[in-house]
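Here is a friendly walk through one protein model, taken a piece at a time. Have a look at it before reading on.

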Amino acid sequence: MGVWQLIAVGLVILLGLVGVLVPGVPGQAIVWAAVLWWALTDRSPAAWAVLIGATALLLLNQALKPLLRPRRPRESGAPRKTLMLGGIAGIVGFFVLPVVGGIVGYVGAIYGAERLRLGSGGAARASLRSVMRATGYSVLVELFACLLVTGAWLVVVIRS
């Protein structure tokens, strides 16, 4: 697989990660399709292992989705910008501090944005709780699953 095609796959994966944050966009499916495209082109055992792992993880995530509360961003009271900021910080945090940084970045950015918007720590914590109840857990689980797939893809691409 050429460098330009790897860059294109990476951009599609990034599009899928951002799609997880936008209601109505099938972010998981986009990430999985990008990994499928890469595995079909690469055809190495490691590529197929990542595809099989990604398929299993994303199917497990889909099976667990009904157990989480549905997304209702309007119920949280937080602006859409705060939710997007949390998602972007979760993506960046995952790569800065592998695995755990995704959760820390997501929750920390929402708290920080709400602290700036509302002016006090108590109000920001209350808003963070309502955001996590309304949208946070389902978005966080879906984003984390897609980030794990992205991390596995990156490790295999860098090592080969």
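## A look around the model

Leu11 counts as exposed, because its relative accessibility is 55% and exposed means over 50%. This is a predicted model, by the way. Leu11 sits in helix H1, which covers residues 3-21. It also belongs to a nonpolar patch on the surface, about 750 Å² in area, along with Val3, Trp4, Ile7, Leu14, Val18, Val22 and Val25.

Next comes a loop. Arg43 lies between helix H2 (27-42) and helix H3 (45-64). Its phi is positive, near 60 degrees, and Arg43 isn't a glycine. Most residues other than glycine have a negative phi. With 66% relative accessibility, Arg43 counts as exposed.

Now for the charges. Which residues gather in a patch of positive charge on the surface? They are Arg115, Arg125, Arg129 and Arg133. Helix H7 (residues 121-159) gives the most to this patch, namely three residues. Arg129 is found in H7, and its relative accessibility of 44% makes it partly exposed.

How many salt bridges does the structure hold? There are two. Side chains of opposite charge can pair when their charged atoms come close. Here are the two pairs, with their N to O distances:

| Salt bridge | Distance, N to O |
|---|---|
| Glu142 and Lys65 | 3.4 Å |
| Glu114 and Arg117 | 2.7 Å |

The pair of Glu142 and Lys65 links distant parts of the chain, 77 residues apart: Glu142 is in helix H7, while Lys65 is in the loop between H3 and helix H4 (73-76). Glu142 counts as buried, at 5% relative accessibility, and Lys65 counts as partly exposed, at 33%.

Glu114 and Arg117 are both in helix H6, three residues apart, which is about one turn of the helix. Glu114 is buried, with 0% relative accessibility, whereas Arg117 is partly exposed, with 41%.

That brings us to H6 itself. The helix has 19 residues (100-118), so at 1.5 Å a residue it should span 27 Å; the C-alpha atoms at its ends are 27 Å apart, which agrees. Glu114 has company among the buried residues of H6: Gly101, Gly102, Gly105, Tyr106, Ala109, Ile110 and Ala113 are buried too. After H6 comes Gly119, with a positive phi near 90 degrees.

Terms used. Residues numbered from 1 in each chain as written. Predicted model: local features only at pLDDT ≥ 70, side-chain atom pairs only at ≥ 80, totals over all residues. Heavy atoms only, no water. Patch = residues over 30% accessible without salt bridge, like charges linked within 9 Å, V, L, I, M, F, W, Y side chains within 5 Å. Areas by Shrake-Rupley, 256 points an atom, 1.4 Å probe, with all protein chains shown as cover. Salt bridge = Lys/Arg side-chain N within 4 Å of Asp/Glu carboxyl O. Lys, Arg positive; Asp, Glu negative; His and termini not counted. Charge placed at Lys NZ, Arg CZ, Asp CG, Glu CD. Helix = DSSP H or I, 4+ residues; strand = E, 2+ residues; numbered from the N terminus. Buried < 20%, exposed > 50% of the residue type's maximum accessible area, 1.4 Å probe, protein only. Expected span 1.5 Å × (residues − 1).
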